[in-house]
Amino acid sequence: MTGRTIDVNVNLGRWPTRRVPLDEPGRLLESLREHGVAEAWAGSLEGLLHKDVAGVNARLADSCREHRGPGPRLEPFGTVNPTLPDWEEDLRRCAEEHRMPGIRLHPNYHGYGTDDPRLARLLAMASDRGLVVSLAMLMEDSRMMHPMLRVPPVDLGPLAGVVGRIPGLRLVLLNATGALRGERLRELVGAGEVSVEIAMLEGVGG
């Protein structure tokens, strides 16, 4: 293997409705090592539903430090929810206290759209701090969703216009290739420094 492999879409914690493979950090790191991954950007599954985002991010940072050693390096990507009070302080803590390289956003779980002015402000503030922003379009295949926890994918349509207005923004779209293809995908990637992660790419010609 040549180069340095980074997995940008790793999660720590337990999925709220069932056990999933590799939901223990030790087993996750073992699998990453077997696949030649040098670094993994880790979000917290607690960040989907918890309102105490500061606590979620502190535990994530502690877990990544606890499992730091030879082999794959876990880099914490803290949750920021711009619908909650003091989200600016959560962003500050991620950058200054936990020294995180980036943040992770879940608009569909947190109840805001990509045309929300709070998102534009968050992206601009993250860019100013040099943080990578990873935005998850969805977290679970609709066929696997619990009937009481059905969450639609994020509508990324308005996002290209937002990205084009924020210089220096580094945006990574997670689980986005299932529905985002063709001209919409080209427009968004062409709007700035936008990368697309392909974990949920499937189907004929995928």
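Reader: Buried or exposed: which word fits tryptophan 41 and phenylalanine 77?

Author: Both count as buried, because that word is kept for residues under 20% relative accessible area (over 50% is exposed, in between is partly exposed; 1.4 Å probe, protein chains only). Mind that this is a predicted model, where local features need pLDDT of at least 70, side-chain atom pairs count only at pLDDT 80 or more, and totals for chains, interfaces and linings use all residues. Residues are numbered from 1 along each chain as its sequence is written, and side-chain values use heavy atoms, with hydrogens and water left out.

Reader: What makes the rings of tryptophan 41 and phenylalanine 77 a pair, and of which kind?

Author: Their centres are 4.8 Å apart, and the limit for a pair is 6.5 Å, using the six-membered ring for Trp. The planes meet at 15°, so the pair is stacked (under 30 degrees; over 60 is edge-to-face, the rest tilted). A search of the whole structure turns up one aromatic pair.

Reader: Which parts does the pair tie together?

Author: Tryptophan 41 sits in β2 (residues 37-44) and phenylalanine 77 in β3 (residues 73-79), so parts 36 residues apart in sequence are linked. Strands are DSSP E runs of at least two residues and helices H or I runs of at least four, numbered from the N terminus.

Reader: Why is one side of β1 and of β7 left without a neighbour in the sheet?

Author: The open sheet runs β1-β2-β3-β4-β5-β6-β7, with parallel pairing. β1 and β7 (193-196) stand at its edges with a single partner strand each, so one side of each stays free of a neighbour.

Reader: How do you know which strands β5 pairs with?

Author: Pairing takes at least two DSSP bridges. β4 (residues 102-105) has four bridges to β5, and β6 (residues 170-174) has five. Arginine 104 faces serine 134 across the β4 side, while on the β6 side alanine 136 partners leucine 174. β5 (residues 132-136) is also mostly covered, with five of its five residues buried.

Reader: What makes up the lining of the largest pocket, by class?

Author: Twelve nonpolar, five polar and six charged residues (nonpolar is Ala, Val, Leu, Ile, Met, Phe, Trp, Tyr, Cys and Pro; charged is Asp, Glu, Lys and Arg; the others, Gly among them, are polar). β1 gives the most to this lining, with four residues.
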